[in-house]
Amino acid sequence: MGHSVGCEPSPKAPHIRSIAALVAEKWPIFQLKQKRNQSDDRRRYKDAPVYIDGRRSGVIRALEVPPSVRPRMRIRPGSPPAPRYSIAEYIAAEGADLPKVREVHLYGGRGRVTVVSGDEVRKHREDLFFLFTAGARGKPRIGWPTTGIEARGGSLDMVQAVAVYQEKEPPILNEKKGFLHFADGEPIDGIPYAPPEEVKGTRFYLDGVLSGWMKRKTLPNSVILPGAGLDSGLFSLRAFIESLGLDPAQVKAIELVQDDDAVARLDGKALTGDPPLAFQLPRRNQGNLVLLVPRKALRSPAPEMPEAVPIRVSAVQLFSKLAPPTRTYAKAADLIEPPDARDRRQGGGSTDDQGGP
């Protein structure tokens, strides 16, 4: 994480307070009548994280693939083209030094692990892929080379996590008993070298590289929206981005993502303009922020929508040097979640998204 930088107060505080008033009025009751979002069932699975020497570098989501990674389209009769992404190119774009990669560990269900050497990953740069169960959305899976590949632990289909080792010593796979260990022979629980806490929250990328993520219980007061009271629950997107050590003035475009749906694209000037981009952090939302998205930026907004529409955002893509990819954006009504959506994402029991009080 970068150092914190204080945000400049807006010269139009009364206008900011009008946004707070709008949210206070609309937030508890604003839900459009709509059909149940068909993507809700697909939100029940956890994101598949990628680690490089224990450092979390991203998650495997179709809309969070670094824009520098070129998709290889899979063409099948009767089905729309589906993107596949080279695993070698993907981990390099996430920050791995590909020539130095020693091993890549692919985690599947029921504790299964497949180990692929760095040499095999480099050798199969053009035919070892990440792809997704529903074409351009859904759960991540592995596309194995049709010519075969050397992989310890056998091939797996669905992937739940990826661990890349380049500088640190990779753990050893006990193929007979099906667990990883170091020299002491003790089974390893979790991802080696990674913090034990699973990171949740909205992810922030700059040109496809993970810069940080939203953590509700550690959000400082310095990111409270200028002009809004402490009890407003409104925070400044610009101030949070600055707290990651990024310069909002250098951002040329912003893309908002809600799981497998592209929400909207905003001009980078929205970070420094007026009215400011504000967000809330509701409880039981897995740390995902709810951004007040300008109505005019949404696709097919309904007439009854307010000028600032509250929409849950799971990832924020910032673009400075790279151009954002071409997207088809979801209709505004499909992005407004039904009241019980948080309970379904949480499994119906938790009262807090990250274990805080």
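This briefing covers the fold, confidence and selected local features of one predicted chain. The model is predicted, so local features are given only at pLDDT of at least 70 and side-chain atom pairs only at pLDDT 80 or more, while totals for chains, interfaces and linings use all residues. Residues are numbered from 1 along each chain as its sequence is written, and side-chain values use heavy atoms, with hydrogens and water left out. The chain has six helices and 20 strands; these are DSSP runs numbered from the N terminus, with at least four residues for a helix (H or I) and at least two for a strand (E).

**Confidence**

- The average pLDDT of the chain is 85, and 82% of the residues score at least 70; pLDDT is the predictor's confidence in each residue, from 0 to 100.
- Residues 1-45 have a pLDDT below 50, and this stretch has 91 contacts in the model beyond near neighbours in sequence; a contact means heavy atoms within 4.5 Å.
- Residues 348-357 stay under 50 in pLDDT, and the model has 26 contacts for them beyond four places in sequence.

**Whole chain**

- Of the 357 residues, 50% are buried; buried means under 20% relative accessible area, exposed means over 50%, and partly exposed lies in between (1.4 Å probe, protein chains only).
- The accessible surface is about 17300 Å², with 51% of it belonging to carbon and sulfur atoms; areas come from the Shrake-Rupley method with a 1.4 Å probe, and for residues only the protein chains shown count as cover.
- When contacts between residues at least 6 apart in sequence are considered, 66% join residues at least 24 apart.

**The five-stranded sheet**

- Five strands make up an open sheet with mixed pairing, in the order E2-E1-E9-E5-E6; two strands pair if DSSP finds at least two bridges between them.
- Strand E2 (55-59) and strand E6 (113-117) are at the edges with a single partner strand each, so one side of each has no neighbour in the sheet.
- On average, neighbouring strands of this sheet are turned by 20 degrees against each other, direction ignored; the axes are lines fitted to C-alpha atoms (for helices over the stretch in contact), and angles run from 0 to 180 degrees between N-to-C directions.
- Strand E5 (residues 103-107) and strand E9 (residues 161-165) run antiparallel and are joined by five bridges; Val-104 is opposite Val-164 in E9.
- Gly-109 sits in the loop between E5 and E6 and is partly exposed, at a relative accessible area of 30%.
- The C-alpha atoms of Gly-109 and Leu-156 are 8.7 Å apart, with their positions 47 residues apart along the chain.

**Strand E4 and its partners**

- Strand E4 (residues 82-86) is mostly covered, with four of its five residues buried.
- Strand E3 (residues 72-74) is antiparallel to E4 and joined to it by three bridges; Met-73 has Pro-83 in E4 as its bridge partner.
- Strand E7 (residues 129-132) also pairs with E4 in the antiparallel sense, over two bridges, and Phe-129 in E7 is the bridge partner of Ser-86.

**Side-chain contacts**

- Glu-126 lies in the loop between helix H3 (118-123) and E7 and is partly exposed at 49% relative accessibility.
- Beyond four places in sequence, Glu-126 touches Arg-70, Arg-72 and Glu-89.
- The side chains of Glu-126 and Arg-72 share a polar contact of 2.8 Å; this term means a pair of N or O atoms within 3.5 Å, where within protein one must be able to donate a hydrogen and the other to accept it, and residues adjacent in sequence count only if both atoms are side-chain atoms.
- Glu-126 and Arg-72 are 54 residues apart in sequence, with a C-alpha to C-alpha distance of 8.9 Å.
- Arg-312 belongs to strand E19 (residues 308-313) and is buried at 3% relative accessibility; its side chain makes a polar contact of 2.6 Å with that of Asn-288.

**Backbone geometry**

- Most residues other than glycine have a negative phi, and most peptide bonds are trans.
- Asp-207 has a positive phi near 50 degrees; this residue is in the loop between strand E12 (203-206) and strand E13 (209-213) and is buried, with a relative accessible area of 14%.
- Asp-259 has a positive phi of about 60 degrees; it lies in the loop between strand E15 (253-258) and E16 and is buried at 8% relative accessibility.
- The Asp-274 to Pro-275 peptide bond is cis, with omega near 5 degrees, and Pro-275 is in the loop between strand E16 (261-267) and strand E17 (278-280).
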